[in-house]
Structures are given as structure tokens and as C-alpha cells.
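Work through the following exercises with the sequence and the model at hand. Each task is followed by a solution in steps.

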Amino acid sequence: MTKRYTLSKQAKLDLKDIKNYIVRDSLDNAETFVREIAERFQSLADFPGMGRSYETLMPNLRGFIVGNYIIFYRPTKNGIAIERIISGYRDIEAIFLQDNEG
């Protein structure tokens with residue numbers, strides 16, 4: 001049985017923002033990246049122990065690097081829940097602190 005992944009509202013916004021950012025340079029690159037990241041979502045759902053722990057940011061949180069971005073996700077009973085997709089160049093701790101306060 002194939003495991004499933006879900007995207008939080010914020011993760012969907014993150015993905016849209018990333019695509020809009022990349023499309024300024026190249027529509028092909030933006031579409032390629034979105035395809036690549038969607039493939040990673042399924043890989044992570046199938047093997048939720050991949051990546052590293054980010055337990056300090058949120059309970060059960062893991063992260064997996066794709067290019068310059070980190071997919072933050074939590075394992076679930078049937079796969080994973082993708083919480084955020086954030087550039088590794090950003091202040092990740094501050095973003096999660098802000099998310100938890102808001």
C-alpha cells in the first residue's frame with residue numbers, strides 16, 4: 001500500500017511562492033522543480049525516517065533537503081504531513097517561532 005502525504009495550508013503557500021520565484025527566471029525550471037519536489041514528497045511518505053530531526057522546532061518534525069530548500073514534515077500513521085518548504089538560507093528557527101506564535 002502506497003503511503004500518502006498531505007500538505008498544510010502554509011506548505012501549499014510555500015510551494016506557490018517558490019514556484020513564483022523560480023518562474024521569474026524560467027518557467028521550465030519552475031515546473032521541473034515542482035515535479036522534483038512532488039517526487040520527494042512521495043519518497044518521504046514511503047520512507048518517513050529520511051532526513052534529519054528538527055525536534056527542537058516542533059515535536060516529531062523532520063527535514064529533508066531538496067536543492068536550496070528544506071521540506072519539513074512529520075510522520076503520520078498513513079505517511080507524512082508536510083508542514084513547510086523553506087529556503088535553507090532563511091532563518092528557520094525564527095520562521096517556526098513565528099508560526100507557533102501566530
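The exercises go from the overall fold to the sheet, the helices, the cores and single residues.

This is a predicted model, in which local features need pLDDT of at least 70, side-chain atom pairs count only at pLDDT 80 or more, and totals for chains, interfaces and linings use all residues. Residues are numbered from 1 along each chain as its sequence is written, and side-chain values use heavy atoms, with hydrogens and water left out.

**Exercise 1. Overall fold**

Determine the secondary structure elements of the protein and their order, and check the radius of gyration against that of a compact globule.

Step 1. Helices (H or I, at least four residues) and strands (E, at least two) are taken as DSSP runs, numbered from the N terminus. The protein has three helices and five strands. Read from the N terminus, the order is β-α-α-β-β-β-β-α.

Step 2. The radius of gyration is taken over C-alpha atoms, and the globule rule is 2.2 Å times the number of residues to the power 0.38. For 102 residues the rule gives a value near 13 Å, and the protein has 13 Å, so the two agree. Along the principal axes, the C-alpha atoms fill a box of roughly 35 × 35 × 20 Å.

Step 3. Buried means under 20% relative accessible area, exposed over 50%, and partly exposed in between (1.4 Å probe, protein chains only). By this criterion 36% of the 102 residues are buried.

Step 4. A contact means heavy atoms within 4.5 Å. Among contacts with a separation of 6 or more, 45% come from residues 24 or more positions apart.

**Exercise 2. The sheet**

Establish the strand order of the sheet and explain why one side of S1 and of S2 is left without a neighbour.

Step 1. Two strands pair if DSSP finds at least two bridges between them. Strands of a sheet pair through backbone hydrogen bonds, either parallel or antiparallel. The order of this open sheet of five strands is S1-S5-S4-S3-S2, and the pairing is mixed.

Step 2. S1 (4–7) and S2 (52–53) are the edge strands; each has a single partner strand, so one side of each lacks a neighbour in the sheet.

Step 3. Take the pairs in turn. S1 and S5 are parallel, with four bridges, and Tyr-5 has Ile-80 of S5 as its bridge partner. S4 and S5 run antiparallel with eight bridges; here Pro-75 stands opposite Ile-80, and a hairpin of two residues connects the strands.

Step 4. S3 and S4 are antiparallel, joined by five bridges. Ile-65 faces Ile-70 in S4, and Arg-62 has Tyr-73 of S4 as its bridge partner. The S3–S4 hairpin has two residues between its strands, and Gly-67 in the turn has a positive phi of about 60°.

Step 5. S2 and S3 run antiparallel with two bridges, and Ser-53 is paired with Arg-62 in S3. Four of the five residues of S3 are buried.

**Exercise 3. Helices and cores**

Which strands does H1 touch, and which helix or strand gives the most residues to the largest nonpolar core?

Step 1. Axes are lines fitted to C-alpha atoms, for helices over the stretch in contact, and angles run from 0 to 180 degrees between N-to-C directions. H1 packs on the sheet against S1, S4 and S5, at about 40° to the direction of S5. H2 also packs on the sheet, touching S1, S3, S4 and S5, and makes about 140° with S5.

Step 2. A nonpolar core is a set of buried Ala, Val, Leu, Ile, Met, Phe, Trp, Tyr and Cys residues joined through side-chain atoms within 4.5 Å. The largest has 18 residues, and those with the most contacts inside it are Phe-33, Ile-37, Phe-41, Ile-71, Ile-82 and Ile-85. H1 (9–23), H2 (27–46), S3 (62–66), S4 (69–76) and S5 (79–87) each supply at least two residues of this core. H2 gives the most, with six residues.

Step 3. Beyond its neighbours within four places in sequence, Ile-71 contacts residues including Ile-37, Phe-41, Leu-44, Phe-64, Val-66 and Ile-82. A second, separate core of 10 residues includes Leu-57, Met-58, Ile-70 and Ile-95.

**Exercise 4. Two single residues**

Is Ser-87 buried or exposed, and what is the phi of Asn-60?

Step 1. Ser-87 is in S5. Its relative accessibility is 13%, so Ser-87 counts as buried. Not counting residues up to four places away in sequence, Ser-87 touches Asn-68, Tyr-69 and Ile-92.

Step 2. Asn-60 lies in the loop between S2 and S3. Although Asn-60 is not a glycine, its phi is positive, at about 65°.
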